[in-house]
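Let's take a stroll through one protein model and stop at a few spots along the way. Keep the picture open while you read.

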Amino acid sequence: MANSGAAPRPTVLWMDEAPAQGEPAAPLPLEVDVLVVGAGYTGLSAARETAGAGRSTLVLDAADAGAGCSSRNGGQVAYSIKPSLEDLTARHGADLAFRICAEGHRALKHLRDLAVEQNLDCDWRPCGGFHGAHTPRQFAAMAALAEHQPRGLEQRVRVVPKAEQHREIGSDFYHGGCVYEDDASVDPRRLLLALLRRATAAGATVVDRCPATAIQPTRAGFEVRTARGVIAAKKVLLATNGYSGPLSPWHRRRVIPIGSYQIATEPLGVERVRALIPQGRNVSDTRRVVVYYRPSPDGERLVFGGRASLGETDPLVCVPRLRTMMSQIFPQLESVGISHAWVGWVAYTFDTLPHLGRHEGLYYCMGYCGQGVALAPYFGMRIGQQIADLPEGATALDGLPFPTRPYYFGRPWFLAPSVFFYRLLDSIGI
Ligand SMILES: Cc1cc2nc3c(=O)[nH]c(=O)nc-3n(C[C@H](O)[C@H](O)[C@H](O)COP(=O)(O)OP(=O)(O)OC[C@H]3O[C@@H](n4cnc5c(N)ncnc54)[C@H](O)[C@@H]3O)c2cc1C
């Protein structure tokens, strides 16, 4: 099927196989050792550690568990610390910079170990990733970086010149690129459900559709108001990432929610998809306004994502723009049908690093800047260990200042001009 003529549905492809469960509401305890707000990869990974360490643990989600990014992402797994070692060295000195980058490698290894050694059911595929260069200058820069990787932080990278890129991609859009051999893909929804099972198997209780509406400090910890009653908690973790609303104004001033949009084509047939991405890898490119795509797990569709808008809440509105972005790379897909379209809110930070720690007694872990599939399970685990007072919870990011900006209160008024400027730079090839 190439175009059935049917309109796209505003639903997440990954949910077709494993829709939200709609479990009957579990009774709420009156008090717990640890209350986690947000049942995504971060919150569930933290809860597994605190429950496993013998702390009574309750995880609340405003919607269904995993209703945020953790069931909506592209399932692309890569080394995901955004700033370069060079940038981090200028900001934090060489030693800390190295240790922050090393955390990114540990996060990737952590997810690989969970999937491969502990058989976490998440459709782990060690497919590798192709990163395309959108200009010859970007190609030269990425090839130089690949050949001079910082010692001790090496990734398995292979440079692919333009003349050979058809082995990686059925497109002439790029000027060569690099293959990152250690990148992998997962089914994001299956990963979420597997982490949910791990948390509950360790003894955590997860309650859906129960938003936390206020968090007040008390002598013994916190009082958390919820839609279904008040709970006393010795410790509270905010694991709300791009969905951090007014619950904690301090955190809201530090994360920038940005919409990330995806579409899935109608089934194109395995052969046709293989002609687009012959090695079945994840693909992204060097443009500042991000695009990322991959074959669906069954190999029948292309799943294509990007920053098609900043704040549009209706994913169907973004379908024409995503289709244009997709056809720029693959003109052969100009008239294919789109079956699914969805959006989720990722959390950027002003220094493009994730942040975890404690502010006025409240624990937090968030800010993966759109790349949390490996980072969120890892840092979620670490913050859970910190909450349980386990020494292995320490990370290189502990104690880093969590910056905000003057006049920023959670509504990113500055994004539209910046993205306009980035699009301009991308289009003129800078
Ligand atoms: C379209 C899209 C594509 C992406 N693709 C990739 C990718 O390919 N690779 C990659 O590495 N990353 C990707 N990401 C990012 C990645 O999905 C996230 O970084 C990661 O899932 C964050 O997990 P989390 O648990 O911190 O947050 P989330 O999964 O967003 O969970 C936060 C939860 O908090 C809940 N919540 C908020 N407020 C309250 C409240 N008051 N009370 C109770 N609950 C509350 C929300 O309902 C939500 O379920 C993508 C994201 C999107 C949206």
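## Getting our bearings

Helices here are DSSP runs of H or I with at least four residues, strands are runs of E with at least two, and both are numbered from the N terminus. One thing to keep in mind is that this is a predicted model.

With those labels in hand, look for C369, which sits in the loop that links strand 18 (362-366) to helix 9. C369 has a positive phi of about 55 degrees, although it is not a glycine. Since buried means under 20% relative accessible area, C369 is buried because its relative accessible area is 1%.

N241 is another one to find: its phi is positive too, about 40 degrees, and it is not a glycine. You'll spot N241 in the loop between strand 11 (229-238) and helix 6 (249-252). With a relative accessible area of 15%, N241 is buried.

## Helix 5 and its surroundings

Now move to helix 5, which runs over residues 188-201 and has 14 residues. From first C-alpha to last it reaches 20 Å, close to the 20 Å expected at 1.5 Å a residue. Just at its start, a side-chain oxygen of D187 comes to within 3.0 Å of the backbone nitrogen of R189. After the helix comes G203, with a positive phi near 115 degrees.

Is helix 5 mostly covered or mostly uncovered? Mostly covered: 10 of its 14 residues are buried. Among them are P188, R189, L191, L192 and L193. What covers the buried residues includes helix 1 (41-52), helix 3 (94-116), strand 8 (205-207) and helix 9 (372-387).

## Rings that pair up

Next, the aromatic side chains. Searching the whole structure turns up 10 aromatic pairs. In one of them, the rings of Y293 and F304 have centres 5.2 Å apart and planes at 20 degrees, so this pair counts as stacked. Y293 belongs to strand 14 (residues 291-295) and F304 to strand 15 (residues 302-306), so the pair ties together parts that are 11 residues apart in sequence. Both Y293 and F304 are buried.

Compare that with Y378 and F379: their ring centres are 5.0 Å apart, but the planes meet at 70 degrees, so the pair is edge-to-face. Y378 is buried, at 2% relative accessibility, and F379 is buried as well, at 1%. You can also look for F130, F173 and Y174, which form one aromatic cluster. Over at W250, R254 lies over the ring face, at 3.9 Å from the ring centre.

## Two buried residues and their contacts

N282 is in strand 13 (residues 282-285). How much of N282 is accessible? Its relative accessible area is 4%, so it counts as buried. Not counting residues up to four places away in sequence, N282 touches several others, including Q76, C127, F130, D183 and Y293. Two of these names, F130 and Y293, have come up already: F130 is part of the aromatic cluster, and Y293 is in the stacked pair.

S171 is found in the loop between strand 5 (157-160) and strand 6 (177-180). S171 also has a relative accessible area of 4%, so it is buried. The S171 side chain reaches the backbone nitrogen of F173 at 2.9 Å. Leaving aside neighbours within four places in sequence, S171 is in contact with Q165, H166, I329 and F330.

## Around the ligand

Which residues come nearest to the ligand? Of the 35 residues around it, they are T42, D61, A62, S70 and Q76. A ligand nitrogen atom is 2.9 Å from a polar backbone atom of A62. There are contacts through oxygen as well: one ligand oxygen is 3.0 Å from a polar backbone atom of C69, and a ligand oxygen is 3.1 Å from a polar backbone atom of G372.

G372 is a good last stop. It is in helix 9, and at 17% relative accessibility G372 counts as buried. Leaving aside neighbours within four places in sequence, G372 is in contact with Y41 and P377. Between G372 and G132 there are 21 Å in space, C-alpha to C-alpha, and the two are 240 residues apart in sequence.

How values were computed
Residues are numbered from 1 along each chain as its sequence is written. This is a predicted model: local features need pLDDT of at least 70, side-chain atom pairs count only at pLDDT 80 or more; totals for chains, interfaces and linings use all residues. Side-chain values use heavy atoms; hydrogens and water are left out. Buried means under 20% relative accessible area, exposed over 50%, partly exposed in between (1.4 Å probe, protein chains only). Contact means heavy atoms within 4.5 Å. The expected span of a helix is 1.5 Å times one less than its number of residues. A polar contact is a pair of N or O atoms within 3.5 Å; within protein, one must be able to donate a hydrogen and the other to accept it, and residues adjacent in sequence count only if both atoms are side-chain atoms. Rings of Phe, Tyr and Trp (its six-membered ring) pair if their centres lie within 6.5 Å; planes under 30 degrees apart count as stacked, over 60 as edge-to-face and the rest as tilted. A charge sits over a ring if NZ of Lys or CZ of Arg is within 6 Å of the ring centre and within 35 degrees of the ring normal. A residue is near a molecule or strand if one of its heavy atoms lies within 4 Å of it.
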